[in-house]
Amino acid sequence: MKHPLLTPEDSERYRVTHPHTIERILRETMESKSIVSLYTDHGQDFILSSIVGLDTHSGTMTLEQGVDRAFNNKLTAAGQIICATTQDQVPIQFSCAGITPITREKEALFQVAVPKDLLRLQRRDAYRLATSVINPVKCLINTGASFLEAIVVDISIGGVGILAYEGINLLKTGETYHGCRIELPGSGTFAVSLNVCTTFDVELKNGRLTHRAGCQFMDLPPSVETEIQRYIIRVERERRARYT
């Protein structure tokens, strides 16, 4: 089973850089014994493998070698490999350097450096709606010390993309913020927990700097998920009605 590589367009939106989040994703991949496709740095050829060891203290990870000895040597000579897998049907991709062939209990393995970042796409079945500029969706993020107000630029049952002109750059990637509020026009205000997956700055054409973040809903109650889905369907119907 080949895992297709993600495109450059996926990089900023879905990049994960927080060490604890990276460790959790890699450990879940290892414990579920998920198949990992190992590509050369050019992404042309690959072998199938799996993660069999993770040592965050030394910053190393071990993967199974393939049955093709010649290609194993090719991967070792490449100096860097691209690893692609899935978790709960969510594509995950990362690069590893410092490839060293080792033998442990008579098993041929690769030892590599734990990646400093990885790409993790949202759930494919979570349709993402670009929100209205005229009737915006607001988000209040509970930082503990205060509530940070931001505008939701897109929303799905999986998470939100948020924007602010000030303050949002203080959010920490990998951190989860509980007691947040999402205000859906015409639906109400709902309590949610948000895990920050990515943060980045975007400069507008007028030179003004905006701060954006991609957040994942954590432990979203079924009732709130239903309300978000209803909101998305209603907005989509209203938009289609205006153009028919």
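Two strands count as paired if DSSP finds at least two bridges between them. The exercises below apply this to a predicted model, whose protein chain comprises four helices and 17 strands.

**Exercise 1. The six-stranded sheet**

Determine which strands stand at the edges of the open sheet of six strands, and describe how strand 6 and strand 7 are joined.

Solution.
- Step 1. The strand order is 1-10-7-6-2-3, and the pairing is antiparallel.
- Step 2. Strand 1 (15-16) and strand 3 (46-49) each have a single partner strand, so they are the edges, and one side of each lacks a neighbour in the sheet.
- Step 3. Inside the order, strand 6 (residues 80-87) and strand 7 (residues 90-97) run antiparallel and are joined by eight bridges. Within this pair, Ala84 stands opposite Gln93 of strand 7.
- Step 4. Helix 3 (residues 69-78) packs on this sheet and touches strand 2, strand 3 and strand 6. The direction of helix 3 makes about 65 degrees with that of strand 2.

**Exercise 2. The four-stranded sheet**

State the order of the open sheet of four strands and identify its edge strands.

Solution.
- Step 1. The order is 4-5-9-8, with antiparallel pairing.
- Step 2. Strand 4 (51-55) and strand 8 (100-104) pair on one side only, and they are the edge strands.
- Step 3. On average, neighbouring strands of this sheet are turned by 30 degrees against each other, direction ignored.
- Step 4. Strand 4 and strand 5 (residues 60-64) run antiparallel and are linked by four bridges. Ile51 has Leu63 of strand 5 as its bridge partner.
- Step 5. Helix 2 (residues 19-31) packs on the sheet through contacts with strand 4 and strand 5. The direction of helix 2 makes about 145 degrees with that of strand 4.

**Exercise 3. Helix 2 and its surroundings**

Check the span of helix 2 against expectation, and establish which of its residues are buried and what Thr29 touches.

Solution.
- Step 1. Helix 2 has 13 residues; at 1.5 Å a residue the expected span is 18 Å, and the end C-alpha atoms are 18 Å apart, so the two values agree.
- Step 2. The buried residues include Thr21, Ile22, Ile25, Leu26, Thr29 and Met30. An α-helix has 3.6 residues a turn, so residues three or four places apart point the same way.
- Step 3. Besides its packing on the four-stranded sheet, helix 2 lies across strand 1, strand 2 (36-40), strand 6, strand 7 and strand 10 (118-120). Helix 2 runs at about 70 degrees to strand 10.
- Step 4. Thr29 belongs to helix 2 and has a relative accessible area of 2%, so it counts as buried. Leaving aside neighbours within four places in sequence, Thr29 is in contact with Ser34, Val36, Ile51, Thr85 and Gln87.
- Step 5. Lys33, which follows helix 2, has a positive phi, near 55 degrees.

**Exercise 4. The aromatic pair**

Classify the ring pair formed by Tyr39 and Phe46.

Solution.
- Step 1. A search of the whole structure yields one aromatic pair. In that pair, the rings of Tyr39 and Phe46 are 5.5 Å apart centre to centre, with 35 degrees between the planes.
- Step 2. Planes under 30 degrees apart would be stacked and those over 60 edge-to-face; the pair of Tyr39 and Phe46 is accordingly tilted.
- Step 3. Tyr39 has 1% relative accessibility and is therefore buried, while Phe46, at 31%, is partly exposed.

**Exercise 5. Cysteines and Tyr177**

Decide how many disulfides are present, and describe the environment of Tyr177.

Solution.
- Step 1. A disulfide requires two cysteine sulfur atoms within 2.5 Å. The count is zero.
- Step 2. For Cys139, the nearest cysteine sulfur is that of Cys180, 5.9 Å away. Cys139 is buried, with a relative accessible area of 0%.
- Step 3. For Cys197, the nearest cysteine sulfur belongs to Cys215, at 7.0 Å. Cys197 counts as buried at 9% relative accessibility.
- Step 4. Tyr177 lies in strand 15 (residues 176-184) and, at 12% relative accessibility, counts as buried. Not counting residues up to four places away in sequence, Tyr177 touches residues including Ile141, Leu170, Val192 and Val196.
- Step 5. Tyr177 and Cys215 are 38 residues apart along the chain, and their C-alpha atoms are separated by 9.9 Å.

Notes
Residues numbered from 1 in each chain as written. Predicted model: local features only at pLDDT ≥ 70, side-chain atom pairs only at ≥ 80, totals over all residues. Heavy atoms only, no water. Helix = DSSP H or I, 4+ residues; strand = E, 2+ residues; numbered from the N terminus. Axes fitted to C-alpha atoms, helices over the stretch in contact; angles between N-to-C directions. Contact = heavy atoms within 4.5 Å. Expected span 1.5 Å × (residues − 1). Buried < 20%, exposed > 50% of the residue type's maximum accessible area, 1.4 Å probe, protein only. Phe/Tyr/Trp six-rings, centres within 6.5 Å; stacked < 30°, edge-to-face > 60°.
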